[in-house]
Amino acid sequence: MQTLITNIRQLLQIRDISIAKISGLAMAELPLIENAWLLIDNEEIAGFGSMDDLPEIDGAETVDASGKVVLPAWCDSHTHIVYAGNRTQEFVDRINGLSYEEIANRGGGILNSAKKLNETSEDELYEQSKVRLEEVMRQGSGAVEIKSGYGLTVEGELKMLRVIKRLKENHPAAVKATFLGAHAFPSEFKSDHDGYIDLIVKKMLPTIARENLADYIDAFCETGYFSVAETERIMQAGLEFGLQAKVHVNQFTAISGIEACVKFNALSVDHLEIVTEGDIEVLKNTQTMPVALPSCSYFISIPYTPARQMLNAGLPLALASDFNPGTTPSGNMNFVVATACIKMKMTPEEAINSATLNGAYAMGLSATHGSITVGKKANLIITKPISSFYEIPYRFGSDLIETVMLNGKVFK
Ligand code: NIG
Ligand code: FE
């Protein structure tokens, strides 16, 4: 079946298939066609061009997009969509003056979510998570990475990964699974870090690999969580089971974790609220994608990733939501893009490059997602009538999405 979208005000992010990611000054450009058409054949983009050269296409269903902008669906490369319950009480505690660290030290934070998750059945966890995945799909996300990391027990981690697998099987968005057993040390392993890492490496990983439950491995490399040496052990074990690393690093402190991640050829380094000159140097000319999570900075009032400094140094950058119950209870990529423009001084062109093609790269999907390219998945956002794509971040609180298409079909 074919669908022809006509009279598109602006068709954004047109790229050759050979372009896997965009870096540095090139991020300032967002290739587009004004007054365009786009042809979808089954699940894929089959052609596009200017309305001035619209070929004869027989039998396609036509959609008139007069005044509307069409762009690739968002590629959200960092989420924790699978969790149980919520952490509204911690939200109020923070308003009343407690810090994220103080709450975590009282047994809140990740351990609070882990307790809830281990008390929740797999079916119930699936139902709660499905609501969130479908919400972000309606908000324009067409590819989503989802992490485990709220189990912190063999059973709990496997339960999360099985839920991610079910979400993937039952939804048209592309889903990548990341094993984050190294998210925090459970209280019984507080003084036995090696014991918990042994559990990850010897018990969790072999089962996960055998059941093919994860695409990537992650660790929270941070003061008070996993040290650089401990993170290296996790990354090494991951590689032995065929899992490349995507790592939480430099959220609160810079402890040379980025250097270790680059050494292990991590696919991405994520958070980066605190970045040193040395970190930027280390990332230059590597295949590792830096990923910023501005909604997290917004929600817990921590610094924003220094995007300008990084782009000026020639680095690429991806933007993701970090959707999770503690630091970012929102997976709205429209808000992420707007916040990157408003708070990180990224231009709309840079922010959209970061949230589409570079996001796809950060989850190993840039061959199939993240740009308007013949042969890629027809995962599209069609906006309401707007004057130009600049309105997307400018009208930061508005819902400007009219239609989301995933694998060539309207997602409702
Ligand atoms: O990406 N920083 C580590 N992990 C999550 C938050 C975890 C939580 O508080 O539940 C994050 O921000
Ligand atoms: Fe995260």
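Tutor: Let's start with a term: buried means under 20% relative accessible area, exposed over 50%, and partly exposed anything in between (1.4 Å probe, protein chains only). This is a predicted model, so local features need pLDDT of at least 70 and side-chain atom pairs count only at pLDDT 80 or more, while totals for chains, interfaces and linings use all residues, and side-chain values use heavy atoms, with hydrogens and water left out. Residues are numbered from 1 along each chain as its sequence is written, with chains lettered from A and ligands numbered from 1 in the order in which they are written.

Student: Okay, straight to the metal. Which residues coordinate the iron ion (ligand 2)?

Tutor: Donors here are N, O and S atoms within 2.8 Å of the metal (3.2 Å for Na, K and Ca), and as water is not among the atoms, sites may look incomplete. For this iron ion the donors sit at 2.1 to 2.2 Å. The histidines use NE2 and the aspartate uses OD, which gives His78, His80, His248 and Asp322.

Student: And what spacing do those donors follow along the chain?

Tutor: Read the donors of the iron ion (ligand 2) along the chain, and they come out as H-x1-H-x167-H-x73-D.
His78 and His248 link distant parts of the chain: His78 sits in the loop between β6 (74-76) and α1 (88-95), and His248 in strand β10 (residues 244-249), 170 residues apart. Helices (H or I, at least four residues) and strands (E, at least two) are DSSP runs, numbered from the N terminus. So, back to the motif you wanted: H-x1-H-x167-H-x73-D.

Student: Are His78 and His248 buried or exposed?

Tutor: Use the cut-off we began with. Both His78 and His248 turn out to be buried.

Student: Now ligand 1. Which residues are closest to ligand 1?

Tutor: A residue counts as near a molecule if one of its heavy atoms lies within 4 Å of it. Ligand 1 has 15 residues around it. The closest are Arg87, Tyr100, Tyr150, Gln251 and Thr327.

Student: How far is a polar side-chain atom of Arg87 from an oxygen atom of ligand 1?

Tutor: Polar contacts here are pairs of N or O atoms within 3.5 Å. In His80, a side-chain N or O atom is 3.4 Å from an oxygen of ligand 1, and a polar side-chain atom of His271 lies 2.8 Å from one. The protein covers 100% of the 330 Å² of accessible area that ligand 1 has on its own (Shrake-Rupley method, 1.4 Å probe). For Arg87, the distance to a ligand oxygen is 2.7 Å.

Student: Which residue does Arg87 form a salt bridge with?

Tutor: A salt bridge is a side-chain nitrogen of Lys or Arg within 4 Å of a carboxyl oxygen of Asp or Glu, and the structure holds 16 of them. Arg87 counts as buried at 6% relative accessibility. The partner is buried too, at 6%, with the closest N and O atoms 2.7 Å apart, and that partner is Glu90.

Student: Which residues do shared salt-bridge partners join into one network?

Tutor: Lys147 meets Glu145 at 2.8 Å, N to O, and both are buried. Lys147 also pairs with Asp218, at 2.9 Å. That second pair links distant parts of the chain, with Asp218 in strand β9 (residues 216-221) and Lys147 in strand β7 (residues 141-147), 71 residues apart. Shared partners therefore put three residues in one network: Glu145, Lys147 and Asp218.

Student: How many residues of helix α13 are buried?

Tutor: Helix α13 runs over residues 348-355 and is mostly covered. Among the buried ones are Pro348, Glu349 and Ile352. The count is 8 of its 8 residues.

Student: How far apart in space are Gln128 and Ile81, C-alpha to C-alpha?

Tutor: Gln128 lies in helix α4 (residues 122-138), and at 22% relative accessibility Gln128 counts as partly exposed. Gln128 and Ile81 are 47 residues apart in sequence, but C-alpha to C-alpha the distance is 9.2 Å.

Student: Last one, on backbone angles. What is phi of His271?

Tutor: Most residues other than glycine have a negative phi. Asn42, in the loop between β2 (32-41) and β3 (44-50), has a positive phi near 50 degrees. His271 is in strand β11 (residues 268-271) and counts as buried at 2% relative accessibility. Phi of His271 is positive as well, near 105 degrees.

How values were computed: Polar contact = N/O pair within 3.5 Å; in protein donor to acceptor, adjacent residues only side chain to side chain.
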